[in-house]
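Hi,

Here is the structure I promised to pass on to you. Have a look at it first, and then read my notes below.

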There are 2 protein chains.
Amino acid sequence: MSDVAKEAQVSRATASYALRGDTRIADDTRRRVLLAARKLRYSANLSARSLRSGKSGIIGVAIFELDKPYPAQMSAAISRQINAHGMQAIIQQTSNSKQDEVSILRHVTSQLCDGTIFSPGSITNEEMQELADGKPLVLLDDPSAEPVFDSVMTAGFEGAAMAVRHLLDCGCRRIGVVGADMADSTDPVQRHSVRGRRVAGCLKTLKAAGIEARREDFLSLDRWDGEMARDLGHHLADTTDLPFDGIFCMTDSLALGLIRGLHECGVEVPRDLAVVGFDGIQEGESYIPSLTTISTDKEDLARKAVDALLARLQGDDDNRPPTRTTAGCRLVVRESTARIR
Amino acid sequence: MSDVAKEAQVSRATASYALRGDTRIADDTRRRVLLAARKLRYSANLSARSLRSGKSGIIGVAIFELDKPYPAQMSAAISRQINAHGMQAIIQQTSNSKQDEVSILRHVTSQLCDGTIFSPGSITNEEMQELADGKPLVLLDDPSAEPVFDSVMTAGFEGAAMAVRHLLDCGCRRIGVVGADMADSTDPVQRHSVRGRRVAGCLKTLKAAGIEARREDFLSLDRWDGEMARDLGHHLADTTDLPFDGIFCMTDSLALGLIRGLHECGVEVPRDLAVVGFDGIQEGESYIPSLTTISTDKEDLARKAVDALLARLQGDDDNRPPTRTTAGCRLVVRESTARIR
DNA sequence: TTGAAAGCGCTAACAA
DNA sequence: TTGTTAGCGCTTTCAA
């Protein structure tokens with residue numbers, strides 16, 4: 001920077017101000033400095049700036065497996081949104097391991113990022129608060145009953161309710177749910193989780209339709225993983241009498257795995273039963289059959305998350321209570337529920 | 001750090017050495033320092049460390065669209081590999097825009113990362129060299145004729161040759177190629193690109209089989225995008241006589257889009273023609289029909305890329321010529337080529 | 001084996 | 001409107 005200042009015949013401080021567009025600097029001076037900077041191909045040292053000012057212009061995005069479609073598409077959308085605000089986005093993978101979550105918060109988020117959009121796995125609010133070290137965090141699908149951080153939620157309750165409503169509208173009467181326990185909607189720990197809210201939505205619609213939900217209609221899985229759903233499909237198809245004519249899966253990946261598993265055993269969707277997913281991943285559109293789903297509006301989610309973070313960053317009032325917004329979602333009807341009643 | 005030093009009753013310098021495991025510090029002293037650090041929940045300030053030492057322990061991964069399966073799965077693998085070496089990985093999206101590529105190199109890579117694994121889009125070697133500012137770069141599928149940086153390649157030539165060989169083995173005689181021009185293998189600019197190498201592989205196998213390649217069997221697309229392939233599928237299916245009995249697609253995403261497009265017009269894979277993709281994305285496994293593909297070994301690619309970067313980082317000899325390695329790949333035969341001859 | 005002290009490149013308070 | 005100057009928290013040279 002000294003070189004730039006010398007070239008522009010000003011002091012280092014003036015150069016610093018001019019480069020960052022401080023209004024106190026005269027237009028003419030600023031122009032001279034910018035010219036000099038361009039000429040010398042100068043760009044400010046991030047470490048030094050960050051050390052001194054505590055700001056880096058970098059926003060972190062921390063999310064579980066990036067090789068799964070939903071988190072990948074979500075973080076891509078958030079990253080674009082951050083760039084649109086002139087900041088740099090860096091994405092990190094928590095791999096659903098607490099150790100990685102802690103390490104990211106401790107070594108990158110709190111150190112380097114002005115703020116982070118975080119998809120919490122097994123870490124607690126207390127741990128986050130300590131590790132974030134005062135840097136603002138916006139959580140995606142925060143499962144806490146008492147929010148401590150700003151968060152953006154997916155519309156689990158409304159979405160699942162719509163999904164089951166749609167299955168009923170398609171004429172389904174024996175509805176199964178894949179990826180959760182019926183008890184998840186009442187369990188104090190699971191209740192506010194993605195899973196709990198989606199189950200609650202299912203139950204609401206079933207109840208409204210006068211259908212009694214039964215525990216055995218909820219098929220839990222150890223992980224939300226397409227391979228597990230595929231195995232479940234085999235298992236379901238092999239039971240002598242198919243117990244369901246419609247299935248709601250907690251995620252699109254589960255739905256696609258399930259459809260594949262059923263297919264491998266001769267049960268076809270939508271011919272033999274209807275399937276609805278949740279998330280709206282791109283893959284569902286070109287799958288055969290294409291997947292009916294509750295599609296979360298990822299642009300909307302990204303916008304709300306980034307806006308919440310920027311509000312905190314510019315925030316005059318650091319102590320205002322955490323906000324909680326919900327991303328839009330809509331039912332996208334495709335082939336997987338195209339049943340002749 | 002002063003606090004830690006005081007707590008451990010040593011000087012700040014000693015604390016610094018002890019924390020980083022310098023051998024000069026007596027075991028006993030080190031233990032005292034580590035204990036103090038833990039007690040005070042101290043962790044070193046990244047900006048300060050990086051400003052002073054020029055090292056951050058962070059490796060960058062810059063890749064085009066993260067919402068596409070192949071780059072997402074690749075960067076996830078690289079990120080895990082970096083973590084396995086005890087370093088932090090940050091992923092950035094170039095969105096295939098030169099502006100983003102420049103911005104990432106200028107503001108993050110050269111400033112913050114000890115090195116970067118970079119998937120070049122439209123940026124030139126000269127620009128990278130200037131922007132990287134001495135920080136090592138490892139390129140993924142570097143298209144340059146004269147490499148300037150270390151790089152890891154996918155086995156485009158061998159893979160494509162295998163793919164077409166497999167189509168021939170399945171009894172296909174009228175083979176189409178989707179996503180490239182025949183001229184790409186000879187065009188001086190495209191020749192070393194992913195596209196050019198894959199086309200060259202096709203041509204080699206065809207020639208060896210005594211089949212003359214025709215320009216019109218190569219169906220170019222503006223972008224490697226599933227939607228474009230889907231449209232192409234419509235178009236192909238609508239021609240009175242299906243011109244191909246086997247198609248090799250430049251990528252799995254193209255293959256899935258194409259199969260879907262054909263399906264929408266009543267042409268079924270593999271019944272009416274066989275399709276092979278390239279990349280080995282997870283989605284191909286559970287698609288209906290499951291996709292035969294040339295699967296790039298992503299773990300191998302990640303390992304080679306990270307090893308090359310670490311070698312440069314520890315490198316005694318900064319001037320040794322750039323290395324170029326190739327990731328393994330294998331033919332994975334699935335339903336999309338299961339034809340009765 | 002440890003400590004004192006300089007300084008990485010920048011920003012921001014203060015002075016002019 | 002611009003310049004002077006004191007650090008931000010750490011690492012590393014040099015001296016003890």
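Let's begin with a term you'll meet all the way through: helices (H or I, at least four residues) and strands (E, at least two) are DSSP runs, numbered from the N terminus. With that in hand, look just past helix 7 of chain B, where B:D133 takes a positive phi of about 55 degrees.

Before going further, some housekeeping. This is a predicted model, in which local features need pLDDT of at least 70, side-chain atom pairs count only at pLDDT 80 or more, and totals for chains, interfaces and linings use all residues. Residues are numbered from 1 along each chain as its sequence is written, chains are lettered from A and ligands numbered from 1 in the order in which they are written, and side-chain values use heavy atoms, with hydrogens and water left out.

**Chain A as a whole**

Chain A has 13 helices and 12 strands. Its C-alpha atoms fit a box of roughly 85 × 40 × 30 Å along the principal axes. Of its 341 residues, 54% count as buried (buried means under 20% relative accessible area, exposed over 50%, partly exposed in between, with a 1.4 Å probe and protein chains only). If you take the contacts in chain A with a separation of 6 or more, 68% of them are between residues 24 or more positions apart; contact here means heavy atoms within 4.5 Å.

For a buried residue to click on, try A:R198 in helix 9 (residues 194-208) of chain A. A:R198 counts as buried because its relative accessibility is 2%. Leaving out residues up to four places away in sequence, A:R198 touches A:T154, A:G156, A:A160, A:M250, A:T251, A:F278 and A:D279.

**Back to helix 7 of chain B**

Which residues of helix 7 (residues 125-132) of chain B are buried? They are B:N125, B:M128, B:L131 and B:A132. Seen down the helix axis, these buried residues fall within an arc of 135 degrees, so they line one face of the helix (the arc is that of the directions from the helix axis to the C-beta atoms). It helps to remember that an α-helix has 3.6 residues a turn, so residues three or four places apart point the same way. As for what they pack against, the buried residues of helix 7 of chain B meet helix 6 (98-112), strand 3 (115-118) and strand 4 (137-140) of chain B.

**Where the two chains meet**

In the interface, 48 residues of chain A are in contact with 48 residues of chain B. The area buried between the chains is about 4,100 Å², and carbon and sulfur atoms give 48% of that. (Buried area is the accessible area, 1.4 Å probe, that two parts lose on being put together, summed over both.)

The rule finds 6 salt bridges across the interface of chain A and chain B, a salt bridge being a side-chain nitrogen of Lys or Arg within 4 Å of a carboxyl oxygen of Asp or Glu. You can find one between the side chains of A:R260 and B:E335, at 2.5 Å, N to O. On the chain A side of the interface, helix 6 of chain A gives the largest share, 8 residues.

**Some unusual backbone spots**

Most residues other than glycine have a negative phi, and most peptide bonds are trans. Here are some places to check against that.

- A:D133 has a positive phi near 55 degrees and sits in the loop between helix 7 (125-132) and strand 4 (137-140) of chain A. A:D133 is exposed, with a relative accessible area of 58%.
- B:R41, also not a glycine, has a positive phi of about 55 degrees. B:R41 is in the loop between helix 3 (27-39) and helix 4 (46-53) of chain B, and is exposed at 61% relative accessible area.
- B:V269 and B:P270 are joined by a cis peptide bond, with omega about 5 degrees. B:P270 is in the loop between helix 11 (252-264) and strand 9 (274-279) of chain B.
- B:I288 to B:P289 is a cis peptide bond too, with omega near 0 degrees. B:P289 lies in the loop between helix 12 (283-286) and strand 10 (292-296) of chain B.

**And the cysteines**

How many disulfides are there over all chains? The structure holds 0, where a disulfide is a pair of cysteine sulfur atoms within 2.5 Å. The sulfur of A:C329 is too far for a bond because the closest cysteine sulfur, in A:C202, is 13 Å away. A:C329 is partly exposed, with a relative accessible area of 22%.

Enjoy exploring!
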